[in-house]
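Work through the exercises below with the model open. Try each task before you read its solution.

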Amino acid sequence: EEISLAEAKAVTGIRTGENIFRVDMGVAVQELQKIPEVTAARLRRELPDTIIIEVDTRQPVAWLSSAPA
């Protein structure tokens with residue numbers, strides 16, 4: 001399952017228009033990695049005003065269903 005941009009921004013606290021040098025990249029990565037579906041997260045600054053958020057997510061390989069006993 002993919003993480004939406006809105007969810008990534010909400011979790012990291014990054015706001016549109018915010019000075020990119022005020023963002024604590026380490027904390028933002030830690031917050032993203034708290035999401036159970038996330039296996040890895042990377043952030044990088046792109047001048048003059050962009051933060052790139054890259055997230056790897058877990059991919060389900062099987063669905064299990066239990067029958068009522």
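**Exercise 1.** Is Glu37 buried, exposed or partly exposed?

*Solution.* Start with the ground rules. This is a predicted model, where local features need pLDDT of at least 70, side-chain atom pairs count only at pLDDT 80 or more, and totals for chains, interfaces and linings use all residues. Residues are numbered from 1 along each chain as its sequence is written, and side-chain values use heavy atoms, with hydrogens and water left out.

Now apply the cut-offs: buried means under 20% relative accessible area, exposed over 50%, and partly exposed in between (1.4 Å probe, protein chains only). Glu37 has a relative accessible area of 30%, so Glu37 is partly exposed.

Next, place the residue. Glu37 sits in the loop between H2 and E1. Helices (H or I, at least four residues) and strands (E, at least two) are DSSP runs, numbered from the N terminus.

Then list the contacts, meaning heavy atoms within 4.5 Å. Leaving aside neighbours within four places in sequence, Glu37 contacts Glu1, Ile3, Asp56, Thr57 and Arg58.

**Exercise 2.** Describe how H1 packs on H2.

*Solution.* Two packed helices are described by the angle between their axes and the distance between the axes. Axes are lines fitted to C-alpha atoms, for helices over the stretch in contact, and angles run from 0 to 180 degrees between N-to-C directions.

Step one: read the geometry. H1 (residues 5-12) and H2 (residues 25-33) pack at about 120°, and their axes are 8 Å apart. That angle makes H1 oblique to H2. The classes are these: under 35 degrees is roughly parallel, over 145 roughly antiparallel, 65 to 115 roughly perpendicular, and the rest oblique.

Step two: find the contact residues. From H1 come Ala8, Val11 and Thr12; from H2 come Ala28, Glu31 and Leu32. By class, the contact has four nonpolar, one polar and one charged residues. Here Ala, Val, Leu, Ile, Met, Phe, Trp, Tyr, Cys and Pro count as nonpolar, Asp, Glu, Lys and Arg as charged, and the others, Gly among them, as polar.

**Exercise 3.** Which residues touch the most other members of the largest nonpolar core?

*Solution.* Define the set. A nonpolar core is a set of buried Ala, Val, Leu, Ile, Met, Phe, Trp, Tyr and Cys residues joined through side-chain atoms within 4.5 Å. The largest one has 14 residues, and Leu32, Leu43 and Ile51 touch the most other members. H2 and strand E1 (38-46) each supply at least two residues of this core. The largest share, four residues, comes from H2.

Now check Leu32. Not counting residues up to four places away in sequence, its contacts include Ala8, Val11, Leu43 and Ile53.

**Exercise 4.** Compare the settings of Ala28, Ala41 and Phe21.

*Solution.* Take them one by one.

- Ala28 is in helix H2. Its relative accessible area is 1%, so Ala28 is buried. Beyond four places in sequence, Ala28 contacts Thr12 and Leu43.
- Ala41 is in strand E1. At 8% relative accessibility, Ala41 is buried. Beyond four places in sequence, its contacts include Val29 and Leu32.
- Phe21 is in the loop between H1 and H2. Its relative accessible area is 56%, so Phe21 is exposed. Beyond four places in sequence, Phe21 touches Arg45 and Leu47.

**Exercise 5.** Where is Pro48 found?

*Solution.* Pro48 is in the loop between E1 and strand E2 (50-57). Check the backbone too. Most peptide bonds are trans. The bond from Leu47 to Pro48 is cis, with omega near 10°.
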